[in-house]
There are 2 protein chains.
Amino acid sequence: MGNQKLYKGSLQTIILKLLESNDKMYGYEITQHVKELTKGELQITEGALYPALHKLEADGLLDVEVAKVGNRLRKYYKLTENGTKETANKLAEMQEFLKTMQHLVNPKFSLE
Amino acid sequence: MGNQKLYKGSLQTIILKLLESNDKMYGYEITQHVKELTKGELQITEGALYPALHKLEADGLLDVEVAKVGNRLRKYYKLTENGTKETANKLAEMQEFLKTMQHLVNPKFSLE
DNA sequence: ATTTTATACCTAAGATTTCTATGCATCAAA
DNA sequence: TTTGATGCATAGAAATCTTAGGTATAAAAT
């Protein structure tokens with residue numbers, strides 16, 4: 001709660017990037033991972049995460065594998081072949097955006 | 001058309017930043033400015049821009065001044081006092097986000 | 001022993017932002 | 001005289017995220 005610094009579309013990219021680095025992960029794991037990696041900067045809410053995972057799966061970018069750990073369910077997600085390609089695209093897009101915004105926002109460049 | 005996607009909330013920040021640098025601007029001018037500054041990377045659509053300007057005005061961050069140039073209307077927007085403060089906040093937030101995403105997305109850091 | 005916290009999944013309602021598609025009007029250039 | 005650029009605007013749809021719940025297991029704290 002209370003983070004709100006996510007920008008539209010960035011969640012998908014974050015998920016895909018994590019799965020590119022980690023082969024397979026489950027939802028809760030993703031939220032914890034992002035929290036740690038960003039030192040609490042970004043908090044992925046579950047209300048955003050799970051629908052996003054379902055959409056990525058529906059779009060054919062992720063595969064699911066259900067595992068039972070003790071008496072509890074876990075849904076492991078991993079990139080499909082197509083998902084791997086799309087990850088590369090999204091990452092390139094994001095980097096372009098970051099570069100552009102860096103330039104726009106950087107105080108060194110006052111925009112004339 | 002066919003440009004990159006804007007990320008949620010970034011348009012507001014872009015507008016505010018431009019007005020911080022330029023004192024006053026009108027809508028169409030903003031779209032052209034962004035297009036030039038980003039070499040066509042970012043295209044602000046008018047369907048996004050005008051509602052955004054109206055919202056910033058309604059929120060008390062911008063003032064409007066209508067000017068007549070020839071026989072044509074122009075609405076010049078400029079930061080209010082409050083708008084100047086909020087601009088600083090939004091810019092700081094954006095920079096935090098850029099830094100965080102840079103870190104998440106940078107291929108040099110494979111996320112473990 | 002029981003309450004709280006952490007783990008683990010989920011959805012629905014609403015707000016917000018942006019995109020697409022239009023519309024109107026002025027003016028310069030082809 | 002038609003096209004393209006300038007300049008404003010809105011309506012409907014798509015996409016994403018927040019808020020606010022819900023269910024359930026397991027560990028830790030009281």
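I count two residues as in contact when heavy atoms lie within 4.5 Å. The model I am reading is a predicted one.

**Entry 1: chain B against chain A**

I looked up which residues meet across the two protein chains. The contact draws 37 residues from chain B and 35 residues from chain A. I then took the buried area, since the size of an interface is often given as the accessible area lost when the parts come together. Between chain B and chain A about 3,500 Å² is buried, and carbon and sulfur atoms give 68% of that area.

Next I checked for charged and polar pairs. I found zero salt bridges across the interface of chain B and chain A. Two residue pairs in polar contact turned up there, both at pLDDT 80 or more.

I noted which elements of chain B supply the side that touches chain A. Helix H1 (10–22), helix H2 (27–37) and helix H4 (81–105) of chain B each give two or more residues to it. H4(B) gives the most, with 13 residues. By class, I sorted this side of chain B into 16 nonpolar, 14 polar and seven charged residues.

**Entry 2: DNA strand C**

I listed 26 residues around DNA strand C, the closest being Tyr26(A), Tyr28(A), Lys75(A), Asn71(B) and Arg72(B). Of the strand C atoms within 4 Å of the protein, 73% belong to sugar or phosphate, and the rest belong to bases.

I looked at phosphate oxygens of strand C in turn. A backbone N or O atom of Gly27(A) lies 3.4 Å from one. For Leu11(B), a backbone N or O atom is 3.3 Å from a phosphate oxygen of this strand. His54(A) uses a polar side-chain atom, at 3.3 Å from a phosphate oxygen.

I recorded the residues of the surface near strand C as eight nonpolar, 10 polar and eight charged.

**Entry 3: DNA strand D**

Which residues are closest to DNA strand D? I found Asn71(A), Arg72(A), Tyr26(B), Tyr28(B) and Lys75(B), out of 29 residues that surround the strand. Sugar and phosphate make up 75% of the strand D atoms that come within 4 Å of the protein.

I found the side chain of Lys75(B) with an N or O atom 2.5 Å from a phosphate oxygen of strand D. A polar side-chain atom of Arg74(B) lies 2.8 Å from a phosphate oxygen of the strand. From chain A, Thr45(A) places a polar side-chain atom 3.2 Å from a phosphate oxygen of strand D.

H3(B) supplies the largest share of the surface near strand D, five residues. I sorted the residues of that surface into nine nonpolar, 12 polar and eight charged.

Methods
Residues numbered from 1 in each chain as written. Chains lettered and ligands numbered in written order. Predicted model: local features only at pLDDT ≥ 70, side-chain atom pairs only at ≥ 80, totals over all residues. Heavy atoms only, no water. Buried area = accessible area lost by both parts, 1.4 Å probe. Salt bridge = Lys/Arg side-chain N within 4 Å of Asp/Glu carboxyl O. Polar contact = N/O pair within 3.5 Å; in protein donor to acceptor, adjacent residues only side chain to side chain. Helix = DSSP H or I, 4+ residues; strand = E, 2+ residues; numbered from the N terminus. Nonpolar A, V, L, I, M, F, W, Y, C, P; charged D, E, K, R; others polar. Near = heavy atom within 4 Å.
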